[in-house]
Amino acid sequence: PRLATWSGWLSDDDARPSHRTWTPEGWNAMDRWLDETLPRLDEAGHTLLLRPDASHILSDARSCLTILQQRQSPGLRLLLDPVAMLTPDMLTDADDHLRRLLDTLLHHPATAAVVLTDAAPDSDRLAPRPLGCGVLDPDLLDRLIERVLGAEARPVLLGDPTPQLARLSRS
């Protein structure tokens with residue numbers, strides 16, 4: 001069995017991530033949590049999938065690689081969510097950002113699955129939307145789908161799968 005969770009953040013008010021997330025304090029909190037969690041999951045035969053996000057401790061390719069290289073645990077895998085790793089400011093260069101993320105992480109042996117989503121602005125961040133229901137260019141989504149379907153990592157859809165499966169079958 002696999003257990004998926006967001007990679008998480010430190011917060012001063014429980015609602016918004018703090019810049020402390022990306023400091024040694026944030027990494028130490030992640031290490032403590034993994035030290036407590038991974039042995040219990042391993043004992044139960046479970047695998048932990050960490051899902052990154054632009055506002056979380058795992059927010060870019062480098063932070064994902066760092067945790068995977070530091071841990072090198074068979075019980076720790078990545079649930080790659082490339083669109084969640086974008087911010088509104090990155091939308092104009094989304095093609096480049098997504099290409100670099102996939103170049104670095106898509107074929108990594110610890111990448112277990114890839115979330116395929118679109119996104120829509122939501123205040124100062126992007127909120128996930130089903131494929132084709134957000135602001136990403138349809139051609140960009142098609143290229144993203146094509147790359148993911150050609151990899152060993154399994155694709156994951158969010159929301160109603162029916163319209164999304166039609167888009168997948170076109171790619």
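A salt bridge here is a side-chain nitrogen of Lys or Arg within 4 Å of a carboxyl oxygen of Asp or Glu. With that in hand, take Arg100 and Asp96. Their closest N and O atoms are 3.1 Å apart, and the two residues form a salt bridge. Please keep in mind that this is a predicted model.

Where do Arg100 and Asp96 sit? Both are in helix H3, residues 94–105. They are four residues apart, so about one helical turn separates them. Arg100 is partly exposed, at 38% relative accessibility. Asp96 is partly exposed too, at 30%. The pair does not stand alone: salt bridges with shared partners join Asp96, Arg99, Arg100, Asp103 and Arg147 into one network.

How many salt bridges does the whole structure hold? The search finds nine. I will show two more, and both link parts that are distant in sequence.

First, Arg71 with Asp35. Their side chains meet in a salt bridge at 2.9 Å, N to O. Arg71 lies in helix H2, residues 61–71, and Asp35 in helix H1, residues 24–43. The bridge therefore ties together parts that are 36 residues apart in sequence. Arg71 is partly exposed at 22% relative accessibility. Asp35 is also partly exposed, with 47%.

Next, Asp53 with Arg125. This salt bridge has an N to O distance of 3.0 Å. Asp53 is in the loop between strand E2, 47–51, and H2. Arg125 is in strand E6, residues 125–129. The two residues are 72 apart. Buried or partly exposed? Asp53 has 5% relative accessibility and counts as buried. Arg125, at 34%, counts as partly exposed.

Now back to the two helices that Arg71 and Asp35 connect. The axes of H1 and H2 come within 12 Å. They cross at roughly 45 degrees. Angles under 35 degrees would count as roughly parallel, and 65 to 115 as roughly perpendicular. H1 and H2 are therefore oblique to each other. The crossing of H1 past H2 is right-handed.

Which residues meet there? From H1 come Trp27, Met30, Asp31, Leu34, Asp35 and Leu38. From H2 come Ser63, Thr66, Ile67, Gln70 and Arg71. Note that Asp35 and Arg71, the salt-bridge pair, are both on that list.

Stay with H2 for a moment. Its buried residues are Ala61, Ser63, Cys64, Leu65, Ile67 and Leu68. What do they pack against? The partners are H1, E3 and H3. Ser63 and Ile67 are buried, and both are among the residues that meet H1. Just after the helix comes Gln72, with a positive phi near 40 degrees.

One last residue: Asp81. It lies in the loop between strand E3, 76–80, and H3. Asp81 is buried, at 1% relative accessibility. Its side chain makes a polar contact with the side chain of Arg51, at 2.7 Å. What else does Asp81 touch? Leaving out residues up to four places away in sequence, the contacts are Trp6, Arg51, Pro52, Val115 and Thr117.

To recap. Arg100 and Asp96 pair within H3. Arg71 and Asp35 pair between H2 and H1. Asp53 and Arg125 pair between a loop and strand E6. And Asp81, buried, has a polar contact with Arg51.

Conventions:
Residues numbered from 1 in each chain as written. Predicted model: local features only at pLDDT ≥ 70, side-chain atom pairs only at ≥ 80, totals over all residues. Heavy atoms only, no water. Buried < 20%, exposed > 50% of the residue type's maximum accessible area, 1.4 Å probe, protein only. Polar contact = N/O pair within 3.5 Å; in protein donor to acceptor, adjacent residues only side chain to side chain. Contact = heavy atoms within 4.5 Å. Axes fitted to C-alpha atoms, helices over the stretch in contact; angles between N-to-C directions. Parallel < 35°, antiparallel > 145°, perpendicular 65-115°, else oblique. Left-handed = near helix turned anticlockwise from the far one by under 90°.
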